[in-house]
Amino acid sequence: MKKQDLIGKDFRDFEMFKKLTERITQSIINTSEDFERINYNNRSFEVLILPFIMGGNLKLIRIVLKDITNFVHLEQELLKRNRELIIINTLSKAFISSANLDSVVEELLEKVLLITDMNIGWLLLKENETYRLKISRGISPEFHKNIEEGALESLCKDAIKMKEPLYIIETSDISKISILRKEGIIFLTAIPLVSNNNPIGLLFLASRDLKGKDFDFDIAALISLVGNNFSLILDKLNLFQETKRLSITDSLTGLYNRRYFYKHLEIEIARAKRYRNTFSLMLFDIDNFKKINDTHGHQAGDEVLQEMAKILISISRETDIVA
């Protein structure tokens, strides 16, 4: 507007100042300075309300507007980055605190539910071509059993097929799946967990109550970030476990190596002494093994060792150690 169109008019006639009416009125009554922050036309303003007093009388009110849009955007970006760092740090602590897969995924899921403000979650990890339930929180025993029996198999396939970091199941689709409807779930999202471009599992987050919050881009970005870090941690954990496995197993036969054998032999001796029990130790020697190597070559000898290892594993119990 032009200056001549503004002069002489009541400030309350202007849209921008309607937002400040209460503050300005209060400033006039108290004859004191005041401060406000407003948004107008997609911009942010810091507003100073400054009464001009002369001889104890209020002469005029000065209103100074400072455009702080860029500062607000920068502040929001810093808060977002800070939140992301907190999330990464929080999830990483679960990985550092334990080398046990079960303990880590349990703590990870607890932290994810806390970060995302969801009250239901379950994790499926891929075994061969099937997704097996690893851990769950906030679901009924019946729903737990349904997942274990593969009731959500088609939903899992759809989520993987989408090849997106986040798969949100529409409310209309949720209502069509009886077990979800019966569980009272009103919001459900599936996060594919990927390692080297291959799916390794699915993290499901759900809620029976969204507490009046709208699912917007920020929440979607937050859940995607959580899923991405969840995948990285699982990847590192699997690598850690594989490295640990290789350090205590024989590469040819897959049986435990000499180092593992001697360590556990000492443990078993100590246990037997403490509880006054006995334990068995069986030693095997392969007849004419040198002759096999000399006659047919070391590759044939390796095959004999591998076959022998398979036989020993097949006839031993879970509590037995074959080395």
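The radius of gyration of this chain is 33 Å, while a compact globule of 323 residues would come out near 20 Å. Keep in mind that this is a predicted model. The C-alpha trace spans about 115 × 45 × 45 Å along its principal axes.

On secondary structure, I count 13 helices and eight strands in the chain. As for burial, 30% of the 323 residues qualify as buried. The accessible surface is about 22100 Å², and carbon and sulfur atoms hold 52% of that. Turning to contacts with a separation of 6 or more, 49% of them join residues 24 or more positions apart.

Now the pockets. What is the volume of the largest pocket? About 1100 Å³. Its lining runs to 31 residues, and the closest to the pocket centre are Met282, Phe284, Ile321, Val322 and Ala323. Two elements give two or more residues to that lining, namely helix H11, at 258-275, and helix H13, at 298-315. By class, the lining of the largest pocket breaks down into 19 nonpolar, six polar and six charged residues.

The second largest pocket holds about 320 Å³ of space. It is lined by 17 residues, with Lys163, Glu164, Pro192, Val194 and Pro199 the closest to the centre. Which elements supply at least two residues each to this lining? They are helix H7 (153-162), strand E7 (187-195) and helix H10 (217-248). H10 has the largest share, with six residues. In class terms, the lining of the second largest pocket has eight nonpolar, six polar and three charged residues.

That leaves enclosed space. How many cavities of 30 Å³ or more does the structure hold? One. The volume of this largest cavity is about 40 Å³. The residues lining the cavity are Leu124, Tyr131, Ile147, Gly150, Leu152, Glu153 and Cys156. Five of the lining residues are nonpolar, one is polar and one is charged.

To recap for anyone setting up a calculation: the two pockets to look at on screen are the largest, at about 1100 Å³, and the second largest, at about 320 Å³. For the first of these, start from H11 and H13; for the other, start from H10, which gives six lining residues.

Key: Residues numbered from 1 in each chain as written. Predicted model: local features only at pLDDT ≥ 70, side-chain atom pairs only at ≥ 80, totals over all residues. Heavy atoms only, no water. 1 Å grid on protein atoms, 1.4 Å probe; cavity = no way out; pocket = protein on both sides within 12 Å on 5 of 7 lines; lining within 4 Å. Points joined across faces, edges and corners; volume = space filled by probe spheres on them. Nonpolar A, V, L, I, M, F, W, Y, C, P; charged D, E, K, R; others polar. Helix = DSSP H or I, 4+ residues; strand = E, 2+ residues; numbered from the N terminus. Rg over C-alpha atoms; globule rule 2.2 N^0.38 Å. Buried < 20%, exposed > 50% of the residue type's maximum accessible area, 1.4 Å probe, protein only. Contact = heavy atoms within 4.5 Å. Areas by Shrake-Rupley, 256 points an atom, 1.4 Å probe, with all protein chains shown as cover.
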